[in-house]
Amino acid sequence: ILVLDKENASARKGIFMIDARNGFRKDGPKNRLRDQDIYKIVDSFTKKTDISGYSRMVTFTEISDPKNDFNLNLPRYIDSSRAEDIQSIDGHLHGGIPEFDIEALNSYWKVFPNIRKLLFETAGRQGFVKLKLPIEEVKNKIFTHPEFKSFNKQATDIFDNWKKFCLPHLNNFKKGSITKQLSLLLSENLLSQFSSIALVRALDLYQHLMDYWSETMKDDCYLVSGSGWKEGVKPRELVKVKNANGKLAWPKEDFDYLKGKRRFKSDLLPKNILIDQYFTSEQNNIDLLQSELSEIETNFQEIIDENNGEDGLLDDVIEGEEDKQKITIKSVKARLKEINNDQNFTDEHNLLKKCEELFLKQSDIKKKLKTALSDLNNKLEEKYTKLKEEEVKMLVIENKWMNKLSIVMQNELDYVSQKLTTRIRELAQRYETPLPKLTEEVDNLAAKVKDHLKKMGVKWD
């Protein structure tokens, strides 16, 4: 893209160039610009920011130099290629991690100088180091080190400060508010807050925010802007629509509660947030009943697997194809009546009675589960209608939006440690076994093979 601007052109001493070829998201066969890619392009162009490997002001003198001859091909002026991961032949021959690989992680050591001292020591020769501890302990040592904890707290404090900035604006958002302005306000402040901390990728956090904004927050805010908080939280009834075959079917979206067979959904506040806040005991009871049902189904399957086929004790009551075999209470009762108390069928009788007990237990649990689900549905319906505006704001802003973004923030902090740990593990494993040791192991294995062949009487020249 060439931007031609005649205003103040005579005063310029160069051309500002941007090589943004590496900033995109793969979408099938296409490459698409992400929000952070667009932001970086616009921001660096507007501020004329010099970013290594990305953008810089190229003087007319450099462009007119005979070696360039007014050629505006970007690679002549900006090297956006990724650094090659160079391996050390000396390291492979004699062992030890090259110091230049450790120095390449200097951005981490500026923040964690003592972690570097904890992890590495000299390998006994110039230019090489080795791990002080086993590879599997590296991650834990980093996570538990005071420097990493301090860094973690610093980043978390910045995120908390961003939340404090956001909350008044989110709480003051109301019917008629402009959604786009809110998006710009939150995202710009996020970038501003995190620009001061090393290692945390502010633009990646920005991208996470914009992704969540596109997926969820934007629609939520449009709903509030159009209807208000109380009206926006009210569930709507889902109706069946015709599918590709022309048959009526439920739409492919989750519902929050049932009223008879009718389905209702709140676009602003999903039921899981209400349940976590007000109905945890009811949900725990439902989860327990569902777990008990699952356990009974597992017991039935084990009984079928152990007693089907020829001469199986339940061969007369197992129904269905081989991969869909089942036992029904009807067939169990019929067989019990058939064999009565005949002593020749004692083992089968006892197993059938066990199945009968499982069916009775299953039926009882299903009744309890149906009652529990109905009770929860009624409570959800009632709660949705009685929610006050302040409650809705608290549940949506804190429990829905900020909770999600807090998880994203923690994932970014984990990424810092994970990336460092992965690179250290990679380097340690790369140079763990030098060539002489490999040769020695090969010789030992070859000697063992020859010894085995001799014992087997095999001869060769």
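Two strands pair if DSSP finds at least two bridges between them. The exercises below use a predicted model.

**Exercise 1. Work out how strands S8, S11 and S12 are joined.**

Step 1. Take strand S8 (residues 236-238) and strand S12 (residues 262-265). Three bridges join them, and they run antiparallel.
Step 2. Find a bridge partner in S12. Glutamate 237 is matched with phenylalanine 264.
Step 3. Turn to strand S11 (residues 257-259). Three bridges tie S11 to S12, again in the antiparallel sense.
Step 4. Look up the partner of tyrosine 257 in S12. That partner is phenylalanine 264.
Step 5. Inspect the link. S11 and S12 make a hairpin, with two residues between them. Glycine 260, in the turn, has a positive phi of about 70 degrees.

**Exercise 2. Find the strand order of the open three-stranded sheet and identify its edges.**

Step 1. Read the order: S5-S7-S6, with antiparallel pairing.
Step 2. Count partners. Strand S5 (97-98) and strand S6 (120-122) each have a single partner strand and stand at the edges, so one side of each lacks a neighbour in the sheet.
Step 3. Check one pairing. S6 and strand S7 (residues 128-131) run antiparallel and are joined by three bridges.
Step 4. Name a pair. Phenylalanine 120 has leucine 131 in S7 as its bridge partner.

**Exercise 3. Compare the span of helix H1 with the expected value, then locate its buried residues.**

Step 1. H1 covers residues 35-47, which is 13 residues. At 1.5 Å a residue, the helix should span 18 Å.
Step 2. Its end C-alpha atoms are 18 Å apart, which agrees.
Step 3. List the buried residues of H1: Gln36, Asp37, Tyr39 and Ser44.
Step 4. Look down the axis. These buried residues fall within an arc of 160 degrees, so they line one face of H1.
Step 5. Ask what covers them. The cover includes strands S1 (14-18), S2 (25-27), S3 (30-32) and S4 (55-59). Helices H9 (179-194) and H10 (202-227) are also included.
Step 6. Move just past H1. Lysine 48 takes a positive phi of about 55 degrees.

**Exercise 4. Is aspartate 211 buried or exposed, and which side chain does it contact?**

Step 1. Place the residue: aspartate 211 lies in helix H10.
Step 2. Apply the cut-off. Buried means under 20% relative accessible area. Aspartate 211 is at 18%, so it counts as buried.
Step 3. Find the contact. The side chains of aspartate 211 and arginine 25 are joined by a polar contact of 3.1 Å.

**Exercise 5. Why is there no bond between the sulfurs of cysteine 221 and cysteine 166?**

Step 1. Search the whole structure. The number of disulfides found is zero.
Step 2. Check cysteine 166. The nearest cysteine sulfur is that of cysteine 221, 11 Å away.
Step 3. Apply the cut-off. A disulfide needs the two sulfur atoms within 2.5 Å. The 11 Å from the sulfur of cysteine 221 to that of cysteine 166 is too far for a bond.
Step 4. Add the burial. Cysteine 166 is buried, with a relative accessible area of 0%. Cysteine 221 is at 0% relative accessibility and also counts as buried.

**Exercise 6. Test the length of helix H13 and describe what covers its buried residues.**

Step 1. H13 (residues 280-307) has 28 residues. The expected span is 40 Å at 1.5 Å a residue.
Step 2. From first C-alpha to last, H13 reaches 41 Å, close to that value.
Step 3. Pick out buried residues. Among them are Glu282, Ile286, Leu289, Phe300 and Asn307.
Step 4. Identify the cover. It includes helix H12 (271-278), strand S13 (318-319), strand S14 (326-327) and helix H15 (346-386).

Notes:
Residues are numbered from 1 along each chain as its sequence is written. This is a predicted model: local features need pLDDT of at least 70, side-chain atom pairs count only at pLDDT 80 or more; totals for chains, interfaces and linings use all residues. Side-chain values use heavy atoms; hydrogens and water are left out. Helices (H or I, at least four residues) and strands (E, at least two) are DSSP runs, numbered from the N terminus. The expected span of a helix is 1.5 Å times one less than its number of residues. Buried means under 20% relative accessible area, exposed over 50%, partly exposed in between (1.4 Å probe, protein chains only). The arc is that of the directions from the helix axis to the C-beta atoms. Contact means heavy atoms within 4.5 Å. A polar contact is a pair of N or O atoms within 3.5 Å; within protein, one must be able to donate a hydrogen and the other to accept it, and residues adjacent in sequence count only if both atoms are side-chain atoms.
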